[in-house]
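Me: I'd love a close look at one part of this model, at an easy pace. Could you start from a single residue and work outwards from there?

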Amino acid sequence: MNYRYEQSGNTVSDALSLTEWREDCAIVRVRCGNGQIIIDGDKHSARDGDYFVLRPFVLYSFHSDGNPFAADLFVFNARSLAGNGGEYDIGDFLHFINKKNVPCAVSAATEWHEAFDGFAGKLFRDSDEQTKAKALYETFALLYDKRFVTAEFNVTEEKQRYAVKTILDVIRSEYDKTISVSNAARTIGYDEFYTMKLFKRFTGLPLVEYVNRYRIKLACGLLKANGKDISEIASETGFSNVSYFNRQFKRLTGVTPSVYRLTAAGK
């Protein structure tokens, strides 16, 4: 399969929203609510019906305004779909997809949104591969025709994005170890002040807050999956102090770890 469909965003709160990236392209459709999507450090208002096109490896995160907010993603591998010689070969658009011309936004207020929704909307409905291939081709043909995005490729921004992705990789692999701004700065070769500004620009969060959210999100999964002591789960997810873990957990989820576990178990 060259396509897959995902749901993202939280319908109650974005307290545990984290920055993501993927190797494939994605088309995002805001399903409900108002919020914000941060793409490679650029903030975009996101409202019901808006679309965003993401090229491979961009950093993105969803943030609600405190009300229900959710988005759907249609994910596809552009290279595997190109060069097949078929009627709807998107190879002609690879240069458009892989450069800084993407990401781009098509808001519900855009003059040609209805036409775009007519093509892209088919990607989010049940249909066969041929129908999806045609809809994807028509979607990018329309984007190309309208010349909606004209930004030039920015080498400096690519380096900045790579630096932030490097920090995110470290967080994912070493969340149970000490992660500080000074450590992150040494990893990417920038000074601490610049590292703090860069990380917050691309993720929307200070480094320490992002690390706490990542750890608490992991802890939620462990609380639902096994019966380990809360102190043990706190330690496994990088919290050396169980009291601090409990405070952060309640701040981000609204309940204590014990209550969360009971609720998840349906008790």
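What does Pro 68 count as at 47% relative accessibility: buried, partly exposed or exposed? And could you then walk me through the part of the structure around that residue?

Reply: Happy to! One thing to keep in mind as we go: this is a predicted model.

At 47% relative accessibility, Pro 68 counts as partly exposed, because buried would mean under 20% and exposed would mean over 50%. Look for Pro 68 in the loop that links β6 to β7, the strand spanning 70–76. Now try jumping across space. Pro 68 and Asn 34 have 34 residues of sequence separation, yet their C-alpha atoms are just 7.8 Å apart. Asn 34 is a handy stepping stone, since strand β3 covers residues 34–39.

So let's look at the sheet that contains β3. The sheet is an open one with 3 strands, in the order β4-β3-β6, and the pairing is antiparallel. Its edge strands are β4 (42–47) and β6 (60–64), each of which has a pairing partner on one side only. As you step from one strand to the next, the twist averages 25 degrees.

Let's take the β6 side of β3. These two strands pair antiparallel over 5 bridges. You can see who faces whom: Gly 35 stands opposite Ser 64 in β6, while Ile 38 stands opposite Ser 61. Try following those two pairs on screen: as the residue numbers go up in β3, they go down in β6.

On the other side, 6 bridges join β3 to β4, again running antiparallel. Here Ile 39 stands opposite Asp 42 in β4. The two strands make a hairpin with 2 residues between them. One residue in that turn is Asp 40, which has a positive phi of about 50 degrees although it is not a glycine. Asp 40 is also buried, with 0% relative accessibility.

There's another positive phi to find, this time in the loop between β5 and β6, where Phe 57 sits. Phi of Phe 57 is near 70 degrees, and Phe 57 isn't a glycine either. While Asp 40 is buried, Phe 57 is partly exposed, with a relative accessible area of 34%.

Next, what lies across this sheet? Helix α7 does: it lies across β3, β4 and β6, and runs at about 130 degrees to β3. α7 has a helix partner as well. Here's the general idea: two packed helices are described by the angle between their axes and the distance between the axes. For α6 (residues 181–188) and α7 (residues 192–203), the axes come within 9 Å and cross at roughly 90 degrees. That is why α6 is described as roughly perpendicular to α7. The meeting residues are Val 181, Ser 182, Ala 184, Ala 185 and Ile 188 from α6, and Glu 192, Thr 195 and Met 196 from α7. Sorted by class, this contact has 5 nonpolar, 2 polar and 1 charged residues.

The loop between these two helices holds Asp 191. Asp 191 is partly exposed, with a relative accessible area of 47%. From Asp 191 to Val 181, which is 10 residues away along the chain, the C-alpha distance is 9.2 Å.

Finally, back to Pro 68, but this time head along the chain towards β7, which lies at the far end of the loop. What are the surroundings of β7 like? With 7 of its 7 residues buried, β7 is largely enclosed by the rest of the structure. In a regular strand, the side chains alternate between the two faces of the sheet. In β7, Ala 70, Asp 72, Phe 74 and Phe 76 are on one side, Ala 71, Leu 73 and Val 75 are on the other, and both faces are covered. The strand also has an antiparallel partner: strand β2 (residues 25–32) is joined to β7 by 7 bridges. In that pairing, Arg 29 stands opposite Asp 72.

So our route led from a partly exposed proline in a loop, over a sheet ordered β4-β3-β6 and the helix lying across those strands, to a strand whose residues are buried on both faces.

Notes
Residues numbered from 1 in each chain as written. Predicted model: local features only at pLDDT ≥ 70, side-chain atom pairs only at ≥ 80, totals over all residues. Heavy atoms only, no water. Axes fitted to C-alpha atoms, helices over the stretch in contact; angles between N-to-C directions. Helix = DSSP H or I, 4+ residues; strand = E, 2+ residues; numbered from the N terminus. Parallel < 35°, antiparallel > 145°, perpendicular 65-115°, else oblique. Contact = heavy atoms within 4.5 Å. Nonpolar A, V, L, I, M, F, W, Y, C, P; charged D, E, K, R; others polar. Pairing = 2+ DSSP bridges. Buried < 20%, exposed > 50% of the residue type's maximum accessible area, 1.4 Å probe, protein only.
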